[in-house]
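Notebook open, coffee in hand. I want to go through the open and closed spaces in this one, and then see how its parts sit against each other.

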Amino acid sequence: MPELPDVEGFRRLVAANATGRRIDSVVVADSGVLEPGLDADRFARAVRGRRPGPALRHGKWLLLPLGDSSSAHGVPCLLVHFGMTGGFVWCTGHADGHRHDRILLGFESGSELRYRDMRKLTGVRMAEADSEVDELLNALGPDAAEVSAAEFAARLRGTGSGIKAALLDQSVVAGLGNLCVDEALWRARTHPRRKSRELTATELGELHRAMGSVLRSSVREGRVPERRGWLNGIRNERSRRCPRCSAVLCRAATAGRTTVWCPSCQPE
Ligand SMILES: [Zn+2]
């Protein structure tokens, strides 16, 4: 599932290839990915002939301005969420089609930016007014890669939920998904079901540091790496032992997501 590091990878892909280039063709192969109320013809009309400005990312959202700089957000602005299985793919020349390509933007260079998604979760929106972009951003917490330790602690203390649920809540901090959260909690030695508001300032500081470190390493790779020494390196193995202490790891649903933690390093 795309998390902040994956979406940052998509942002860089778009920034490196599409910025300033004219979109010559728009193919909506499956309008099921467009937000309700946005039909394929209106989408194509609004996008064709535009030159994307610098792509921005906030949490797991990618913002692609298509208008000029006379508006705050460069509207019309594409707002793209990658759901559970989505991604951007850049294709040069005459690359073969893929059955999960839902939207294809053809550029003057002959290359294509494709929104590929196995599922169809209406992840593509189009904001035609700055207020629509503000509405999205206002519903999200600060970006997990940018939030200060003080704000991070204050926001988590303000929730009544368990720490895992709070970290996954995009209105608390934006960008974290299941893998980043489990990795950060394991590094900070925090049990996923502890109440956020009961964590000490030291524990929250440790968690903020762990999250920052996980995100920096993952952003470099465009994904949360399945690396030796990481929880994510062994979470899908049949016999899972803690890379730090070799205890057998626990695995259970927490906050509705499969959670892996070490009962020895992360006491409840
Ligand atoms: Zn352990």
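Started with the lining of the largest pocket, sorted by residue class: I get 6 nonpolar, 3 polar and 4 charged residues. Note to self: this is a predicted model.

**Largest pocket**

I looked up its volume next, and the largest pocket comes to about 240 Å³. Its lining has 13 residues. Which of them lie nearest the centre? I noted Met-1, Pro-2, Asp-6, Leu-179 and Arg-223. I also checked which domains contribute, and the lining takes at least three residues from domain 1 (4–138) and at least three from domain 2 (149–261).

**Second largest pocket**

This pocket has a volume of about 160 Å³. I wrote down its lining in two batches. Ala-144, Ala-145 and Val-147 are among the residues there. The lining also includes His-208, Arg-209, Met-211, Gly-212, Ser-213, Leu-215, Arg-216 and Val-219. By class, I count 6 nonpolar, 3 polar and 2 charged residues for the second largest pocket.

**Cavity**

How many cavities of 30 Å³ or more does the structure hold? I find 1. The volume of the largest cavity is about 70 Å³. Around the largest cavity I listed Phe-43, Leu-64, Leu-78, Val-80 and Phe-88, along with Ile-103, Leu-105, Leu-113, Tyr-115 and Val-124.

**Domain 1 against domain 2**

The domain assignment I pulled up gives domain 1 as 4–138 and domain 2 as 149–261. I took the centres over C-alpha atoms, and those of domain 1 and domain 2 are 30 Å apart. For contacts, I have 8 residues of domain 1 touching 13 residues of domain 2.

Then I went for the area. The size of an interface is often given as the accessible area lost when the parts come together, so I looked that up here too. Between domain 1 and domain 2, about 780 Å² is buried, with carbon and sulfur atoms giving 67% of that area. Which three residues supply the most of what domain 1 buries against domain 2? My answer is Leu-4, Pro-5 and Lys-60, with 59% of it, more than any other three residues.

Last check was on the polar side. Between domain 1 and domain 2 I count 0 salt bridges. The interface of these two domains does have 3 residue pairs in polar contact, with both residues at pLDDT 80 or more.

Conventions: Residues are numbered from 1 along each chain as its sequence is written. This is a predicted model: local features need pLDDT of at least 70, side-chain atom pairs count only at pLDDT 80 or more; totals for chains, interfaces and linings use all residues. Side-chain values use heavy atoms; hydrogens and water are left out. On a 1 Å grid over the protein atoms alone, a cavity is a set of points where a 1.4 Å probe fits but cannot get out, and a pocket is an open set with protein on both sides within 12 Å along at least five of seven lines; lining residues have an atom within 4 Å of a point. Grid points are joined across faces, edges and corners, and a volume is the space filled by probe spheres set on the points. Ala, Val, Leu, Ile, Met, Phe, Trp, Tyr, Cys and Pro count as nonpolar, Asp, Glu, Lys and Arg as charged, and the others, Gly among them, as polar. Domain bounds come from an automatic or database domain assignment. Contact means heavy atoms within 4.5 Å. Buried area is the accessible area (1.4 Å probe) that two parts lose on being put together, summed over both. A salt bridge is a side-chain nitrogen of Lys or Arg within 4 Å of a carboxyl oxygen of Asp or Glu. A polar contact is a pair of N or O atoms within 3.5 Å; within protein, one must be able to donate a hydrogen and the other to accept it, and residues adjacent in sequence count only if both atoms are side-chain atoms.
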